[in-house]
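Here's a quick briefing to read with the structure open beside you. We'll start with the whole chain, then zoom in on one strand and one residue.

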Amino acid sequence: MKKIGKYSVSIVLPNWNGEALLLKNLDEVILASHGAEIIVADDASTDGSVLMLKEKFPDVNVVINRKQQGFSGNVNSCVARAAGDIVVLLNTDVRPTKNFLDALLPHFDDPSVFAVGCLERSHEKEGIVERGRGLAWWEKGYFIHSKANVTKGKTAWVSGGSGAYRKSMWDEIGGMDTLYNPFYWEDIDLSYTARKAGFQTLFEPKSIVGHFHDEGKIKTSYSTFDVNRIAYRNQFFFIWKNLSDSRILFSYMVWTPIRLFQSLFRGDFMMIVGFIDAVFQLPHVLSSRKKAMQLWTRTDGELSLRI
């Protein structure tokens, strides 16, 4: 397998009914790959994605899930087949610049680095917004995360839509948790698990990609109701799976009834629906927590990143 500098690289594109996006962006991915392995992970698409790939991109490997697995399951099935030392995840609505790998890969010379995120030039209603580095901290028992200044350094998480991951550590962690299917919080959880295990997650502003969010499949395929319900549900999943600090846990127990009452008062019923959905899946959450606990070497308080 061809190496790029010291490392063999696999570029993985999770796809679900993204034929139009692949036609727009896959040529740019191939141009930027410098001969790296490229795999499209197709999650039981019902459009012409697979046929189009076979006809127009015969050199691209296609992994086909006959039954839909959701984002995490789809990514995991494909990364398991990836041959590279480093796996780069790119959403189908992401378009990398030609040399985006050049600044990413040297970070992996540090054996403690698990993942490195790209600078996303996100095309949104208000124009182009630069994203890719995140801050996060525990507040009143909840894990608050926000956009950070896009300067080089540590990040609280690496996006599952534009980031590079060390495959050996990915395998050790067990990949993305399918608990979060179909989408949201899976990449935050993956990075948190890695950081709690003592690994590093970094951000590299010289590795640039374009991200065309409004063309992505979540906004075009799911109702606002479902998106909000899933986001709230997965927030509770994250807390119940990962929180172990007794002081933060006490704060969570105090503030959760207050937050639920406040959401009812302001008419935000999706938080309550998401909480109920999460309760019904508590056995699955506890199973994921049991696996994650085996990796923990750091406390939740140590993982706050505010600057």
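Keep in mind that this is a predicted model. Starting from the outside, the chain has an accessible surface of about 14000 Å², and 55% of that area belongs to carbon and sulfur atoms. Of its 307 residues, 55% count as buried.

**The whole chain**

- If you go through the secondary structure, you'll find eleven helices and 13 strands.
- The radius of gyration is 19 Å, close to the 19 Å that the globule rule gives for 307 residues, so the chain is as compact as a globular protein of that length.
- Picture a box laid along the principal axes: the C-alpha atoms fill roughly 55 × 40 × 40 Å.
- Take the contacts between residues at least 6 apart in sequence: 77% of them join residues at least 24 apart.
- The chain carries 37 positive and 34 negative charges, and the mean positions of the two sets are 4 Å apart.

**Strand E12 and its neighbours**

- Now find strand E12, which covers residues 162-166. How many of its five residues are buried? Five of the five are, so to speak, under cover.
- In a regular strand, side chains alternate between the two faces of the sheet.
- Here, Ser-162, Ala-164 and Arg-166 sit on one side of E12, with Gly-163 and Tyr-165 on the other, and all of these are buried.
- Which way does strand E5 (residues 86-90) run relative to E12? The two are antiparallel, joined by five bridges.
- Strand E7 (residues 113-124) also pairs with E12 in the antiparallel sense, over three bridges.
- Gly-163 is a handy landmark in E12: Leu-89 stands opposite this glycine, and Gly-117 has Gly-163 as its bridge partner too.

**A close look at Ser-207**

- Next, hop over to strand E13 (residues 200-211), where you'll find Ser-207.
- Is Ser-207 buried or exposed? Its relative accessible area is 0%, and buried means under 20%, so Ser-207 counts as buried.
- What does Ser-207 touch, once you leave aside its neighbours within four places in sequence? Its contacts are Phe-100, Ala-103, Leu-104, Cys-118 and Leu-119.
- Compare that with Ala-194, which is 13 residues from Ser-207 along the chain: the C-alpha atoms of these two are separated by 22 Å.

Conventions. Residues are numbered from 1 along each chain as its sequence is written. This is a predicted model: local features need pLDDT of at least 70, side-chain atom pairs count only at pLDDT 80 or more; totals for chains, interfaces and linings use all residues. Side-chain values use heavy atoms; hydrogens and water are left out. Helices (H or I, at least four residues) and strands (E, at least two) are DSSP runs, numbered from the N terminus. The radius of gyration is taken over C-alpha atoms; the globule rule is 2.2 Å times the number of residues to the power 0.38. Buried means under 20% relative accessible area, exposed over 50%, partly exposed in between (1.4 Å probe, protein chains only). Contact means heavy atoms within 4.5 Å. Accessible areas come from the Shrake-Rupley method with a 1.4 Å probe; for residues, only the protein chains shown count as cover. Lys and Arg count as positive and Asp and Glu as negative; His and the chain ends are not counted. The place of a charge is taken as NZ of Lys, CZ of Arg, CG of Asp or CD of Glu. Two strands pair if DSSP finds at least two bridges between them.
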